[in-house]
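Trainee: I have a structure to go through. Can we take it piece by piece?

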Amino acid sequence: MKSESSTCDVFVYGTLKPGEANFSAYCEGKVIAQTPAYTWGDLYVLPVGYPAMTEGNSKVQGMLLSFNDARILHSLDRLEDYQSQRVAELNEYYRAFVTVYSLDNRPINQAWAYYMTLAKVKQYQGIKLNSSSWTSKLQTT
């Protein structure tokens, strides 16, 4: 892990990835490094226009974003509708610390990632992706 306590790594797999809908508003100009990466989970496409990752055993590809200020989590938590003090079932996503790997299977670092419960995915009528990667181009409306 990095020694600077003020830096913050976040694994993103959906609308926060570079080129997707929320990157410019939440990450652009704040990211000090971005690395293609994966972590373990199951990836779902939701009819509402964004993906969800649940705990699971499949590779979920995304980007490891490094920020020089851990306060970025405040705005990301608001976007993901996560409040640590709120009853878990009322959160849209929950935040967990995970190991993130390079695309050639080497552990890179630990990072925050946003997960959705399987119950919430089912509530949204999410469809499990066979692909390890989500893009807004996958949405069919």
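Mentor: We will cover a pocket and a few loop residues in this predicted model.

Trainee: What is the volume of the largest pocket?
Mentor: Start with its lining, which has 15 residues. Thr 15, Tyr 50, Pro 51, Glu 80 and Tyr 93 lie nearest the centre. The volume of this largest pocket is about 220 Å³.

Trainee: How do the residues of that lining divide into nonpolar, polar and charged?
Mentor: Tyr and Pro count as nonpolar, and Glu as charged. Over the whole lining of the largest pocket, the split is nine nonpolar, three polar and three charged.

Trainee: Which residues does Pro 18 touch, leaving out those up to four places away in sequence?
Mentor: Place Pro 18 first: the loop between strand S1 (8-12) and helix H1 (23-26). Its C-alpha is 8.3 Å from that of Glu 28, ten residues away in sequence. With sequence neighbours up to four places away set aside, Pro 18 touches Phe 23, Gln 34 and Met 63.

Trainee: Is Asp 81 buried, partly exposed or exposed?
Mentor: Asp 81 sits in the loop between helix H2 (72-79) and strand S4 (94-101). Its phi is positive, about 55 degrees, although Asp 81 is not a glycine. Buried means under 20% and exposed over 50%. Asp 81 has 32% relative accessibility, so it is partly exposed.

Trainee: Why does Gln 125 get its accessibility class?
Mentor: Gln 125 lies in the loop between helix H3 (118-123) and strand S6 (127-128). Its phi is also positive, near 60 degrees. The exposed class starts over 50%. Gln 125 is exposed because its relative accessible area is 60%.

Key. Residues numbered from 1 in each chain as written. Predicted model: local features only at pLDDT ≥ 70, side-chain atom pairs only at ≥ 80, totals over all residues. Heavy atoms only, no water. 1 Å grid on protein atoms, 1.4 Å probe; cavity = no way out; pocket = protein on both sides within 12 Å on 5 of 7 lines; lining within 4 Å. Points joined across faces, edges and corners; volume = space filled by probe spheres on them. Helix = DSSP H or I, 4+ residues; strand = E, 2+ residues; numbered from the N terminus. Contact = heavy atoms within 4.5 Å. Buried < 20%, exposed > 50% of the residue type's maximum accessible area, 1.4 Å probe, protein only.
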